[in-house]
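Me: I would like to go through this model by question and answer. Please keep each reply short and show the reasoning.

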Amino acid sequence: MISALKSIHPARRAILVGAYVLLIEWSRALIQYEPHMAVAALVLGGAALTLVVVGWPAERLGLGTSRLGLRILGGLALGAVLLLPAAVRSAAVPVLPAGLAVAAVAVSIGEELAFRGALYAALDELGGAPLAIIGSTSLWTAAHAISHPPAFLGAVAAAGLLLALWRWACRDLVGPVIGHVVADLAL
């Protein structure tokens with residue numbers, strides 16, 4: 001996708017990436033409410049979100065292989081932090097059916113590649129880390145406004161902020177991907 005957007009001004013590129021991501025997320029959220037469409041909506045939504053990173057250099061997305069073990073460990077720590085609110089309210093850990101677990105993994109990876117990968121990179125190019133952190137967190141929260149109850153949006157925003165801060169501080173997307181997958185599988 002970025003190859004077609006390379007010649008576009010950074011502001012327009014950020015707007016196009018953001019609009020694409022929101023369109024996919026809201027469409028996915030609306031489709032998953034249809035009977036028997038939840039798994040397909042999650043898997044297809046995750047795949048469509050992944051398309052936004054096509055053409056982006058891996059290093060701009062925070063996807064490298066250096067210090068991979070530490071990045072994986074960081075992702076597991078992020079997942080544990082994201083699960084703290086759920087751990088406080090319930091002792092039972094739900095077990096997802098296999099189809100839903102695969103769908104949760106697909107959408108988690110797609111969302112991270114889209115929000116903390118391509119969108120973050122586009123906003124960072126436009127206005128630096130503060131815009132990338134605030135912008136990706138704001139759009140992340142807006143994208144979840146249809147699929148989550150209003151009372152839960154504060155937690156969604158906090159999770160998005162944590163993942164964006166990790167992306168900035170560590171210049172890493174592996175940790176947020178793993179943390180998001182762990183949290184979605186356990187929630």
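Me: Which residues lie nearest the centre of the largest pocket?
Reply: This is a predicted model. The largest pocket has a volume of about 840 Å³. Its lining counts 30 residues. Nearest its centre lie H148, F152, H180, D184 and L187.

Me: Which helices each supply at least two residues of that lining?
Reply: One of the residues nearest the pocket centre is H180, and H180 is found in helix α9. That helix is on the list of suppliers. The helices that each give at least two lining residues are α5 (68–89), α6, α8 and α9.

Me: Is H180 buried or exposed?
Reply: Buried means under 20% relative accessible area. H180 has 4% relative accessibility, so it counts as buried.

Me: What does H180 touch, not counting residues up to four places away in sequence?
Reply: H180 belongs to helix α9. Leave out residues up to four places away in sequence. H180 then touches L82, S108, E111, E112, R116 and W140.

Me: Which residues have the most contacts inside the largest nonpolar core, and which helix gives the most to this core?
Reply: The largest nonpolar core has 31 residues, and V53, W56, F115 and A118 have the most contacts inside it. At least two residues each come from α2 (10–31), α3 (38–50), α6 (98–127), α7 (129–143), α8 (153–170) and α9 (174–186). With nine residues, the helix that gives the most is α6.

Me: Which residues does V53 touch, not counting those up to four places away in sequence?
Reply: V53 is among the residues with the most contacts inside the largest core. Residues up to four places away in sequence are set aside. V53 then touches L61, L113 and A118.

Me: Is L61 buried or exposed, and what is it in contact with beyond four places in sequence?
Reply: L61 lies in helix α4 (residues 58–61). Its relative accessibility is 3%, so L61 counts as buried. Its C-alpha atom is 9.4 Å from that of A114, 53 residues apart along the chain. Leaving aside neighbours within four places, the contacts of L61 are V53, W56, R116, G117, A118, R167 and L173.

Me: How many residues are in the second, separate core?
Reply: The residues of this second core include L78, L83, A159 and L163. A159 is found in helix α8. A159 is buried, with a relative accessible area of 16%. The number of residues in the second core is six.

Me: How far apart in space are A159 and V81, C-alpha to C-alpha?
Reply: In sequence, A159 and V81 are 78 residues apart. In space, C-alpha to C-alpha, the separation is 9.1 Å.

Me: How far apart are the end C-alpha atoms of α8, and what arc do its buried residues cover?
Reply: At 1.5 Å a residue, the 18 residues of α8 should span 26 Å; the end C-alpha atoms are 25 Å apart, which agrees. The buried residues of α8 are L153, V156, A159, G160, L163, A164 and R167. These sit on the same side of α8, because they cover an arc of only 130 degrees.

Me: Why do the buried residues of α2 line one face of the helix?
Reply: In α2, R13, A14, V17, G18, V21, L22, I24, E25, R28 and A29 are buried. On the other side of α2, R12, I15, L23 and L30 are exposed. Seen down the axis, the buried residues line one face because they fall within an arc of 160 degrees.

Me: Which helices do the buried residues of α7 pack against?
Reply: The 15 residues of α7 should span 21 Å at 1.5 Å a residue; the end C-alpha atoms are 21 Å apart, which agrees. Its buried residues include A129, A132, I133, W140 and A143. The buried residues of α7 pack against α2, α6, α8 and α9.

Me: What phi does R171 take, and is R171 buried or exposed?
Reply: R171 comes just after α8, in the loop between α8 and α9. R171 is exposed, with a relative accessible area of 65%. Although R171 is not a glycine, its phi is positive, about 50 degrees.

Me: Where is R67, and what is its phi?
Reply: The loop between α4 and α5 holds R67. R67 is exposed, with a relative accessible area of 63%. R67 is not a glycine, yet its phi is positive, about 55 degrees.

Note on methods. Residues numbered from 1 in each chain as written. Predicted model: local features only at pLDDT ≥ 70, side-chain atom pairs only at ≥ 80, totals over all residues. Heavy atoms only, no water. Core = buried A, V, L, I, M, F, W, Y, C linked by side-chain atoms within 4.5 Å. Buried < 20%, exposed > 50% of the residue type's maximum accessible area, 1.4 Å probe, protein only. Helix = DSSP H or I, 4+ residues; strand = E, 2+ residues; numbered from the N terminus. Contact = heavy atoms within 4.5 Å. Expected span 1.5 Å × (residues − 1). Arc of directions from axis to C-beta. 1 Å grid on protein atoms, 1.4 Å probe; cavity = no way out; pocket = protein on both sides within 12 Å on 5 of 7 lines; lining within 4 Å. Points joined across faces, edges and corners; volume = space filled by probe spheres on them.
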